[in-house]
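Visitor: Could you take me on a close look at one part of this model, the helix packing, and show me how that part sits in the whole chain? I work with coordinates all day, so please give me the cut-offs as you go.

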Amino acid sequence: MVLSQPSDIVVSGPRGTAVGDPAADRQPASSAWWRVRERSPLVVLALGLALFLGVVFPVIVSVWTGSYSIPHNDSWAETRAAENFARTGQIHLYNWNSMSLVGMYIPLWKLGTWITVQEIYTGLLAVVALAATFDILRDAGGRKRAAIGVLAMACWPGFGLLSTSFMTDIPALAAIAVTFALGRRALERASVPLFLAVTVVGFWGFTIREQGIAAPLGIYVAALWRPALLRRDKLPWLLGFGTGMAVAALVFEQWRRKVVNGEPPKVSFAQFPGWASMAHTYAGSWLVLALVLSPVILLTARPWAWSWPVRLVALAAFAWFAWDVHQGLIGIPQNYLEMNGAYFPAYLGLRPNLFPQPLWDILLPLGCLSSALLIGLVCERIRAVRIEFLVFWLVTAAFAILEISELWIQFDRYQLPLTIPVLTLLLKRGEPITRPQIGLAALTGAFIASVTGLIMMNALTFDAATWHSAQAVVADGKASAAHVDAGLDWTAWHSPDGYKKPYDPGAEHGIYEKSAGMGNDHPCYVVAASPQQQPGWSLYATHEYRRFGFIGPEQHTYVYRTAETVCGN
């Protein structure tokens, strides 16, 4: 069988031949079961799975459990800001988000009144992010490899949760991906109008998260290596667009630092934790990035074909990661990829472990192996790194230094945009893939997708169960919403004006740690994920839910009556 066009997935065949090579095409048809035509169902299947796992299925779970239309994790702040803007036309923040933020909800205008609309909007942006990523990866590795890369992105821990909650992560990812997709065409075609589009979309990303400026900056730096863009008829336009974006970013940043309750980031280095701590934080970020992309890494890494220096670097990297993980110096960054469920510290009490310990214990060794292989792949293919992605990575790393210097937590979801440049490098066109690699990658991918999918199902189910437990107290007339402590989402949503410091040191003992800062320091009822024992508390009710929404053992939320007497009812 002779392919009409070279395949964009090259699979090592008998005697080391590859699909698309004449030697491979002369093999008997019976030995070519793994070959795929250009119009293979693989693309449709992988993209369909990505859309289903990353957007559609989370929406189904969210609607089924009653989790749609309620805030999740930090989204209460964005949701309240959007609702206030829709109602009053004024920018008001709540002392919780240090990102620029406002660009994500201004486009909604009056529609921002409804949480459901906000979450639909986020889901649509998730689709845009996946589509733009496919476009970027298709240019680097062809349609089939691009589809596999998009599927890997959709299996990122929390992608489904983020696509169903009004957080900055998905809008920022969409802005970055679209900026790169437009930027590729702008560079290839030396197009001034496309550079204008890059500037507009890139600046929009900056108004969501400041780190988003790294994408258009990368495109502009890459333009310096394009002689067609340095001609007299085009260079002035690019200089004008770039200068305009820089000025607009400075003006915006100065303005947003004056917004009440904006909590702008500080750059003082007064709490700089030291370079060793910095290195371990970066290593943790690399670890989760490599862990989640391990199916693609195992699919494309061929260490037996690397040069000896690269093999030694990868081996040393594996030894360092393994030792420091064993010593507890490096770990998986917190927030979504958690044994006790996504963002579990946002609630009082602890949910039961979601997985058997031996199953969970696979993650760190897999992460160490994938981290070392990824380092080897970067060393082996360093010349293939595109300038715009190199700049993007360096600027993102610089932002991380500023964040770590202020002791900010580097959550796992902060690494999500880095999947774009990494996948572009991994899925380079023409690199051969062996049949054993396909099987290993498929098995690993199923494992990662199962873990992240079950975490998503548990979080949406538990969020809804906690919210509805608090609603039941209010519906029974036992207390007003402001006198019920049900963790971050509920308490912050019903707080007078977000998070405040300092707060009452005489707050009710044992409540959720952030509730006092939200003004709910003497609640009459408390909702917890696990049984509590506090003086003066008595169990009022329990509410059942299934661990993973549709499946899994029955779990409970626990509602306690405190000794407080002023309940606002």
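Guide: Let's begin with the domains. The assignment, whose bounds come from an automatic or database source, splits the chain into domain 1 (39-264), domain 2 (267-431) and domain 3 (464-561). Residues are numbered from 1 along each chain as its sequence is written, and the model is a predicted one, in which local features need pLDDT of at least 70 and side-chain atom pairs count only at pLDDT 80 or more, while totals for chains, interfaces and linings use all residues. Side-chain values use heavy atoms, with hydrogens and water left out.

Now to the helices, which are DSSP runs of H or I with at least four residues, just as strands are E runs of at least two, both numbered from the N terminus. Two packed helices are described by the angle between their axes and the distance between the axes. Here the axes are lines fitted to C-alpha atoms over the stretch in contact, and angles run from 0 to 180 degrees between N-to-C directions.

Helix H2 (residues 41-65) and helix H5 (residues 143-154) have axes that come within 8 Å and cross at roughly 15°. H2 is therefore roughly parallel to H5; that label covers angles under 35 degrees, with over 145 being roughly antiparallel, 65 to 115 roughly perpendicular and the rest oblique. The H2 and H5 crossing is left-handed, meaning that the near helix is turned anticlockwise from the far one by less than a right angle, whereas clockwise would be right-handed. On the H2 side, the contact (heavy atoms within 4.5 Å) uses Leu42, Val43, Ala46, Leu47, Leu49, Ala50, Leu53 and Gly54, which meet Arg143, Lys144, Ala147, Ile148, Val150, Leu151 and Ala154 of H5. By class, the residues of this H2 with H5 contact are 12 nonpolar, one polar and two charged. In that scheme Ala, Val, Leu, Ile, Met, Phe, Trp, Tyr, Cys and Pro are nonpolar, Asp, Glu, Lys and Arg are charged, and the others, Gly among them, are polar.

Next, follow the chain to helix H8 (residues 192-206) and helix H9 (residues 214-223), whose axes lie 9 Å apart at an angle of about 150°. H8 and H9 are therefore roughly antiparallel to each other. Phe195, Val198, Thr199 and Gly202 of H8 meet Pro216, Ile219, Tyr220 and Ala223 of H9. Six nonpolar, two polar and no charged residues make up the contact of H8 with H9.

H9 also packs with helix H10 (residues 235-256), at about 155° and with axes 12 Å apart. H9 is therefore roughly antiparallel to H10, and the crossing of H9 and H10 is left-handed. Pro216, Tyr220 and Ala223 are the H9 residues of this contact, and Leu238, Phe241, Gly242 and Met245 are those of H10. The H9 with H10 contact has six nonpolar residues, one polar and no charged.

Finally, back to the domains. The centres of domain 1 and domain 3, taken over C-alpha atoms, are 33 Å apart, and 21 residues of domain 1 are in contact with 17 residues of domain 3. Together domain 1 and domain 3 bury about 1600 Å², 65% of it on carbon and sulfur atoms; this is the accessible area (1.4 Å probe) that two parts lose on being put together, summed over both. Trp76, Arg80 and Trp96 supply 33% of the area that domain 1 buries against domain 3, more than any other three residues.
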